[in-house]
Amino acid sequence: MKPLEGYLIIDFGQFLSGPSASLRLADLGARVIKIERPQGGDICRSLYTSNVVMNGDSSVFHAINRNKESFAADLKDPRDRDTIIQLLSKADIVLHNFRPGVMERLGFDYNSVKSIKPDVIYGEISGYGSEGEYKDRPGQDLLLQSLTGLTWLTGNADSGPVAMGLSIVDMLAGAHLAEGILACLYRKSVSGEGGLVQVSMLESAYDFQFETITTFMNDGGQNPQRSLTSNANAYLGAPYGIYKTANGYLALAMGSIPFLGKLLGCDALATYADAAIAFEKRDEIKSILGQHLQTDTTQKWLSVLEPADIWCADVLNWNQLFEHEGFKVLNMTQEVSMSDGYTYNTTRCPIRIDGELLTSKKGSPKLGQDNQNILTEFSL
Amino acid sequence: MSRPLEGLLVLEFCQFLAGPSAGLKLADMGARVIKIERPVKGEAGRQLAIKNIFIDGDSLLFHTINRNKESYAADLKNQDDLEAVKKLIAKADVITHNFRPGVMEKIGLDYESVKVINSRIIYATVTGYGNVGPWANKPGQDLLVQSLSGLTYLSGTADQGPVPFGLSVSDIMCGNHLTQGILAALIKRARTNTSVLVEVSLLESTLDLQFEVITTYLNDGKKLPQRSNVRGSGHAYLSAPYGIYETADGHLALAMGDLNKIGSAIGCDISQLYTDSISSFDKRDDILKSLSDTFKKKRTGDWLEILIPRDIWCADVLDYTGATELPVFEQLGIRQSVQVSDSVEIETTRSPIRIDSEKLFSSKPAPKVGAHNSTLNQEFNIEI
């Protein structure tokens, strides 16, 4: 039995943040019904990445919305609204990621839904909270990365601001929403009461940086300084970073500098004995290391460093990773099929419960594909 | 207000970031979290500092990750201490650890043994790469996991080679997944009344983080990500104008948007480059370069005044000074104070989750090693 079996989620979410939360809850066993507008559905269906179209929709839509059903409804149409209200009366969880005020105008905000289903757990994601002067701004990932200081952590000192190349803030907000909803579901299992869970991308972006922002707030307000080369963390000294070798790259996470010098046969590193020096002179040390590591192959360096318990690794691309036994044993991918027989490969839920992988064969839904079944099943 | 996890008892054997960040999330949502630490030195994270900042003997980092918790010092190799810990386990709802495979078996606190002590335990583990396979005993460290997972080919520009995310993103995502798994297990237990095992690993979490782009890769003939060569480009898979641009006095971030509208708003003619929707990706580098030249001509504030009223998605690019001075930082109440001692207070951020319209503040500091041994011994009738 999956942990959330029997729970019904009505998901008004679009794009990534909200729908990534409902995907996680679906994989944990809940039944998720996406409510989509009849024309075009979730905008994510046409948000293409590198122009890839799969069975009519974007690849990211398929990744985010597998294991869900789709119910097409026009939230402004009185008949459709009636149907939605009846569906909401059966829902354990309702979630959305509209801008503040939209659900109030539609009449599906927390208080309205609570009057339909008193013990509902209602989750919402906003860009910048429902109070404060940014509340009406677009909650978009790159903008949130840029406003919260995140872009000064990645890349080298002379790179300018560098975004993390994924919608990281969306995913964090989705993860936090899932956590709040699960905590409330636990409470409901004890006390029977529902609850309201609110997350914003802004708060999630600051939380992501809780270590470095806390440092900033307690060190007199010094902004992070990335190293000139091989930066992997603005706050850590040498050797922390990725280095070019004769045939690829090598990641080095720690090790005293003279000891590394000895293992690698690099005498120039012998003088950097003090741990504080590894931070203060990290540009100098990284430059020496960078030159030296290019004199031999990644495999050669690994064969010297790993037996000495130095934390290091090869740097793989997906082709290399997918061929590696260390990846294959995880069974991290799964094949799913859509209602029309179209199949595709994707990843699975990263959590294991009672030794089982939480996989599901169910692919993403075609827009409105489940309307008829849902109308019949719930006698709407 | 009752926090949703009130009444839950969590024993945290975890060290460093991934596991303890989950403990922090659970604590802020109302659980009572007790760190089980070796006597005197405590968990290794106490000595792991950035910028060499220590507060009251422990690193600021440790204080940040472990506020709102208690500490019980025990030497798990000492029989008396182990018995005491077993008494705590008998009363606990959840235990978490991130020891390498085999360590808890040797101590006698592996899942099978703990189930005998407490048949309703949620037993949650964090590993680097899972329990089997050639990487099972490799150090589960954030940068190494990023490097093995393909993540380093998504940021920066193509000519930079691999560029890691400049934060412990694998640890943090894994901590979130651990939190989710534990909470789902508690819901399962509410129905079955029996123990549940939860397992997560840094590598699986880092692959999940890439689920959108890996799905694209798997269904696009295994084409590897192609980052742009233009400085500031924001995402290997997204088309122009997505990225960060230099302006006359700083930078400007521009998300996805209608290129014709943006071109005409800023006075940049891209009609030769942007001929159809496909070209915004295929001609990405040329379009980015063309926009870059224009954005250098005015200051960020001037561009924002032009773009925001036209509903073009853009933002200033701030450092921590700017980010913590943003009015919304105060308006949303993101900052909170933690009282370390009578004379020492540190500022940190609060939980990002609000429950029943309440922000989850907590002023309770990280504990000293073993700070709660005597109260816990008394409370749980542990005789030493």
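## The three-stranded sheet of chain B

In what order do the strands β9, β10 and β11 of chain B lie in their open sheet, and in which sense do they pair? The order is β9-β10-β11, and the pairing is antiparallel. The model is a predicted one. At the edges of the sheet are β9 (243–246) and β11 (314–316) of chain B, each of which pairs on one side only. Averaged over neighbouring strands and ignoring direction, the turn of one strand against the next is 25 degrees.

Four bridges hold β9(B) against β10 (residues 251–254) of chain B in the antiparallel sense. Within this pair, B:Tyr245 has B:Leu252 of β10(B) as its bridge partner, and B:Gly243 is placed opposite B:Leu254. The two strands make a hairpin, with four residues between β9(B) and β10(B). On the other pairing, β10(B) and β11(B) are joined by three bridges, again with antiparallel pairing. Here B:Leu254 is opposite B:Cys314 of β11(B). B:Leu254 thus appears in both pairings, facing B:Gly243 of β9(B) and B:Cys314 of β11(B).

## Helices on the sheet

Which strands does helix α12 of chain B touch where it packs on the sheet? Helix α12 (residues 284–295) of chain B touches β9 and β10 of chain B, and its direction is at about 40 degrees to that of β9(B). A further helix, α13 (residues 300–307) of chain B, also packs on this sheet, with β10 and β11 of chain B as the strands it touches. The direction of α13(B) makes about 155 degrees with that of β11(B).

## Domains of chain B

The domain assignment splits chain B into domain 1, which covers 9–209 + 338–379, and domain 2, which covers 243–317. The C-alpha centres of domain 1 and domain 2 of chain B are 43 Å apart.

## Helix packing around α8 of chain B

Helix α8 (residues 202–209) of chain B packs with helix α7 (residues 169–192) of chain B at an angle of about 95 degrees, the axes being 8 Å apart. Since angles of 65 to 115 degrees count as roughly perpendicular, α7(B) is therefore roughly perpendicular to α8(B). From α7(B), the contact uses B:Val169, B:Ser170, B:Asp171, B:Met173, B:Cys174 and B:His177, while α8(B) supplies B:Leu202, B:Ser205, B:Thr206 and B:Leu209. By class, the residues of this contact are five nonpolar, four polar and one charged.

A second partner of α8(B) is helix α6 (residues 142–149) of chain B, whose axis comes within 10 Å of that of α8(B) and crosses at roughly 50 degrees. The two helices, α6(B) and α8(B), are therefore oblique to each other. The crossing of α6(B) past α8(B) is right-handed. The α6(B) side of the contact consists of B:Val145, B:Gln146, B:Leu148 and B:Ser149, and the α8(B) side of B:Leu202, B:Leu203, B:Thr206 and B:Leu207. This contact has five nonpolar residues, three polar and no charged. B:Leu202 and B:Thr206 of α8(B) take part in the contact with α7(B) and also in the contact with α6(B).

## Strand pairing in chain A

In chain A, strand β9 (residues 241–244) runs antiparallel to strand β10 (residues 249–252), with four bridges joining them. A:Gly241 is opposite A:Leu252 of β10(A). A hairpin is formed by β9(A) and β10(A), with four residues between the strands.

Strand β10(A) is also joined by three bridges to strand β11 (residues 312–314) of chain A, and this pair too is antiparallel. A:Leu250 has A:Asp314 of β11(A) as its bridge partner.

## Contact between the chains

How many residues of chain B are in contact with chain A? There are 116 on chain B, and these are in contact with 116 residues of chain A. The largest contribution to the chain B side comes from α7(B), with 13 residues. That side is made up of 67 nonpolar, 33 polar and 16 charged residues.

Strand pairing also crosses between the chains: strand β8 (residues 195–200) of chain A and strand β14 (residues 353–355) of chain B run antiparallel and are joined by three bridges. In this pair, A:Val197 is opposite B:Ile355 of β14(B).

Terms used:
Residues are numbered from 1 along each chain as its sequence is written. Chains are lettered from A and ligands numbered from 1 in the order in which they are written. This is a predicted model: local features need pLDDT of at least 70, side-chain atom pairs count only at pLDDT 80 or more; totals for chains, interfaces and linings use all residues. Domain bounds come from an automatic or database domain assignment. Two strands pair if DSSP finds at least two bridges between them. Axes are lines fitted to C-alpha atoms, for helices over the stretch in contact, and angles run from 0 to 180 degrees between N-to-C directions. Two residues are in contact if their C-beta atoms, placed from the backbone, lie within 7 Å. Angles under 35 degrees count as roughly parallel, over 145 as roughly antiparallel, 65 to 115 as roughly perpendicular and the rest as oblique. Ala, Val, Leu, Ile, Met, Phe, Trp, Tyr, Cys and Pro count as nonpolar, Asp, Glu, Lys and Arg as charged, and the others, Gly among them, as polar. A crossing is left-handed if the near helix is turned anticlockwise from the far one by less than a right angle, and right-handed if clockwise.
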